[in-house]
Amino acid sequence: MNKGVKIGLATVCTAMLGVGGYGAYNIVSAVTGNADKPKVRTVVAGPPAADQAAKTAKAFLDAWSKGDLEAAAKLTDKPDTALAALTAFKTKVNPSALTLTAEAHAPAFAVPTSSTAPTTPSSASPSAPAEDTSGQVVLGYQAKAEFAGTANAWSYEGVLGLVKMSDNTAAVHWSQHVIHPHLDAGESISVQPVAAQPGTLQDRKGRPIKTFDSLSPLLASFKYQPPADAGGAGTGVAITNDSTGKAEQLFTITDPKPQPSLKLTLDADLQRAAEAAVKSQTGHNVGLVAIEPSTGNVLAIANNPATGMNRAFLGAVAPGSTMKIITAAALLEAGVKSGDAMPCPPTFTQVGQTVKNDKDEQDPGASFLKDFQMSCNTAFLQAGTSKLKRGDMETLAKDAFGLGTTWKTGLPIAPPKVPAPTSDNQWAVQLMGQGSLQMSPLAMASVAATVQNGTFHQPVLVPGMEQQPAAKQLSSDTLDALRQMMRSVVTSGTAAGVGLPSGSGAKTGTAEVGNQAKPNSWLTAYSGDLAVAVLVEAGGYGADAAGPVAASVLKVGNKH
């Protein structure tokens, strides 16, 4: 238990004090017995007699102890200021009992110079201002404050400086230090709530996770908040800087209830693999998210660099051809079959805008499945603009994949944006994942997870958080076809040779962004009950940079 701060005491100071050091005040000479005859007294040079100082100190402490604050204030050289401060202490600290005892014998220590406050080296307040104590008798007192409802009592050593008055009596020189040696001008003392130390943050299996580089900047957002009626916070006496709000706790009155550990959905094994994987892309900004499709639980978040923006959740950029998962789903829902003929011409022109395939690929006899495997832009543009209506893809993205609904994951996110196109040209580029689309690795991992599971589960980091459902579920025929198409990308398409586990489904993406020398590299994939999305900024083709990063995480697997 916090026992407060111990302050040393001083013997009589014999140096001379100029009268101008304290000024003149109206004061009642309570010690001399003329309490009913107020008269003007002033501070004069030289220290008071030791017996006078001791008598005034005792009278002041007795009056303060008994709650007779007016009487106590009149025994100081600044009665109005003292009364206000003593009243504030009584109101804001509110001890049920206060015992103040003058020390009979003050232990000697070196008399401070005029540039230091009366302190000892071991207990000095680092913020205590310089104060001229020459001409004062410095005496100590023992304070004991008790509080209702607890046996904890606050004990500390205080210091009084006694000055000589013009009627040859002594008065307590008033400063904030009289109440407590650490209390300074511009500060206040009061009882404040004392929060418990936060419980440890753990992964879903109870393992600590605060040491992971990518998580360290993020975990401060997770603080256990006890119910309002749980009474979890304790109370304590603290000194607060009135300007900055910075507080120094002096004593704990009631101990706060320990906060329980908080388990997040993260998995330490997958987190370790994810951090190592993103660090392999030296010199690139990388974001990675791993999700459990059956629940929406986020199992890993990794960024390179680990500090700075959380690209995994906030990196909102065009997703490139990974968006063709949703375009393909819209075509399938419109009645197109994966085996239907869908030529892949070398170019496609829409309202004067010509698009060509990235590697000049073409296949006049291609099927829808083959177009998805080789990510043929022209085939998707030609089929999309002829078989879909403006807004079909955007509506399906929201209704079946949850993109555009409000997600509360436990951390700030960049909301996925699939805006309704305002022109045919804008529509065309969105069909292949460019234009005004904005997706994060979190959003694209969720897309792959929805295909794997068949039902959208909004991603969350805290078990039990409310998850926004999607308005509809893709048909079983659409899901079967999508899974077949994504598996074919791994076996004989753009992700072949990347190293994804057997049975995986994936879609690569290459997204042109601004004036980058190389496009962004994307890959989203699933294997078993685990979905991953990776963004490597300026990484080039999806299979080249994002692919190996995702593969290394999927190989670890989701081990419950």
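This is a short talk on how some helices, strands and one loop residue fit together in a predicted model.

Hi everyone, thanks for coming. Please keep in mind throughout that we are looking at a prediction.

Let's start with two helix pairs. The first is α4, residues 268–279, with α13, residues 546–554; their axes lie 9 Å apart and the packing angle is about 160°. Angles over 145 degrees count as roughly antiparallel, so that is the label for α4 against α13. As for handedness, α4 and α13 make a right-handed crossing. Who is touching whom? On the α4 side we have L270, A273, A274, A277 and V278, and these meet V549, S552 and V553 of α13. By character, that contact holds 7 nonpolar residues and 1 polar one, with no charged residue.

Now the second pair: α11, which spans residues 441–453, and α12, which spans 476–492. Here the axes come within 9 Å and the crossing is at roughly 120°. These two helices are therefore classed as oblique to each other, and α11 crosses α12 in the left-handed sense. From α11, the contact uses T450, V451, Q452 and N453, while α12 brings L479, L482, R483 and M486. The mix in this contact is 4 nonpolar, 3 polar and 1 charged.

On to the strands. There is an open sheet of 5 strands with antiparallel pairing, and if you trace across it you read β13, β12, β18, β17, β16. Which strands sit at the edges? They are β13, at 298–304, and β16, at 505–511; each has a single partner strand, so one side of each has no neighbour in the sheet. From one strand to the next, the twist averages 5°. Inside that sheet, β17 (520–526) and β18 (531–536) run antiparallel and are joined by 6 bridges. To pick out one bridge, S521 is partnered by V536 in β18.

Another antiparallel pair is β14 with β15, residues 353–356, and 4 bridges hold the two together. You can find T349 opposite T354 of β15. The strand β14 itself, residues 347–350, shows two faces: F348 and Q350 are on the covered one, T347 and T349 on the uncovered one. That fits the usual pattern, since side chains in a regular strand alternate between the two faces of the sheet.

And β14 turns up again when we look at helix α10, residues 424–431. The buried residues in α10 are W427, A428, V429, Q430 and L431. Their cover includes β14 and β15, along with the helices α6 (324–333), α8 (377–387) and α9 (392–399). If you like backbone torsions, have a look at G433, which follows α10 and has a positive phi, near 85°.

Last stop: T409, in the loop that links α9 and α10. Is T409 buried or exposed? Its relative accessibility is 1%, so it counts as buried. What does T409 touch, leaving aside residues up to four places away in sequence? The list is F313, L442, Q458, P459, V460, L461, V462 and M465. Take L461 from that list: in sequence, T409 and L461 are 52 residues apart, yet their C-alpha atoms are 5.7 Å apart in space.

That's my tour, and I'm happy to go back to any of these spots with you.

Technical notes. Residues are numbered from 1 along each chain as its sequence is written. This is a predicted model: local features need pLDDT of at least 70, side-chain atom pairs count only at pLDDT 80 or more; totals for chains, interfaces and linings use all residues. Side-chain values use heavy atoms; hydrogens and water are left out. Axes are lines fitted to C-alpha atoms, for helices over the stretch in contact, and angles run from 0 to 180 degrees between N-to-C directions. Helices (H or I, at least four residues) and strands (E, at least two) are DSSP runs, numbered from the N terminus. Angles under 35 degrees count as roughly parallel, over 145 as roughly antiparallel, 65 to 115 as roughly perpendicular and the rest as oblique. A crossing is left-handed if the near helix is turned anticlockwise from the far one by less than a right angle, and right-handed if clockwise. Contact means heavy atoms within 4.5 Å. Ala, Val, Leu, Ile, Met, Phe, Trp, Tyr, Cys and Pro count as nonpolar, Asp, Glu, Lys and Arg as charged, and the others, Gly among them, as polar. Buried means under 20% relative accessible area, exposed over 50%, partly exposed in between (1.4 Å probe, protein chains only). Two strands pair if DSSP finds at least two bridges between them.
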